[in-house]
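Reader: Please show me the model, and let me ask about the terms used for its side chains.

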Amino acid sequence: MENSKWLQWTIELQSLAQAGLAYGKDKFDLERYTRIREISAEMMSRLSDTPIETVKGLFCNESGYQTPKIDTRAAVFQDGKILLVHENNGTWSLPGGWCDVDQSVASNVIKEVKEEAGLDVTADKLIAVLDWRRHNVRNYAYGVVKIFVLCRKIGGAFAENIETTGIEYFEREKLPDNLAAEKTTEEQIQMCFDAFADENWRTRFD
C-alpha cells in the first residue's frame, strides 16, 4: 500500500511537470519543471528498480498535457464461447491493444482482431469504458482507459503473426488460469459474457 501511494505521487509529479513544460513561459519556471520531472524519474527508478535511462524513455517521453492512453479490447463469441488469443509470453487475453492515432475505437478494435486473431469482425456494441487502475494489474507509469467492444465474426482464420501464437474459444466456466491480468482480467471476461447474453446491456463506465 505504501509503495502504491508513492507511485501515485510520482506519477502526479511527472504529469504536473510535463504540463508546466508545455505551458510555462518563464525560463526559470521551465528549469524548475525540468528538475521536478527529473526527480519524478529518479523516484520511479528507485520504486521500480529500473535503470534511470529506461524510466526516462518510458515515463518522460511525451510533451503537452498528459492524458490517459486508450486500450481497446474485442469480445468475439462463437457458439456461446469467447475468443481469447494466446500471447507470445504464454498468457491469454482478449484481442486488442493501443488505439492508433489514425483509428477510431471501432476501427482499432477491428484492426486488432485481424492482426492478432486473423478474423474479420464488425464492432457492434460498447460494453464498458474502464479505468485500468481500478481493475487490472498495473505495469505502466501512466493512466490507461480500457474500452471493451462486443464484436461479431464475419470471416477469416488465424494466421501466424508476431504477437500471438494461437486462438481458442472458451466457455464461461472454463477460462484459462494464466490470463494476462494487465490486459484482461477474469472479471472483465465475465462482464463480456454478461453483455453478450443481455440484449438490453447498459454500458459500464468508471
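The exchange below deals with salt bridges, accessibility and a surface patch.

Author: This is a predicted model, in which local features need pLDDT of at least 70, side-chain atom pairs count only at pLDDT 80 or more, and totals for chains, interfaces and linings use all residues. Residues are numbered from 1 along each chain as its sequence is written, and side-chain values use heavy atoms, with hydrogens and water left out.

Reader: Why is the contact of Lys183 and Glu87 called a salt bridge?

Author: A salt bridge is a side-chain nitrogen of Lys or Arg within 4 Å of a carboxyl oxygen of Asp or Glu. The N to O distance for Lys183 and Glu87 is 3.3 Å, so the pair meets that rule.

Reader: What parts does the pair of Lys183 and Glu87 tie together?

Author: Lys183 lies in the loop between β7 (164-170) and α6 (186-197), and Glu87 in strand β2 (residues 81-87), so the pair ties together parts that are 96 residues apart in sequence. Strands (E, at least two residues) and helices (H or I, at least four) are DSSP runs, numbered from the N terminus.

Reader: Why is Glu87 called buried or exposed?

Author: Buried means under 20% relative accessible area, exposed over 50%, and partly exposed in between (1.4 Å probe, protein chains only). Glu87 has 7%, so Glu87 is buried. Lys183 has 23% and is therefore partly exposed.

Reader: How many salt bridges does the rule give?

Author: The count comes to twelve. Among them, Glu42 and Arg35 meet at 3.2 Å, N to O.
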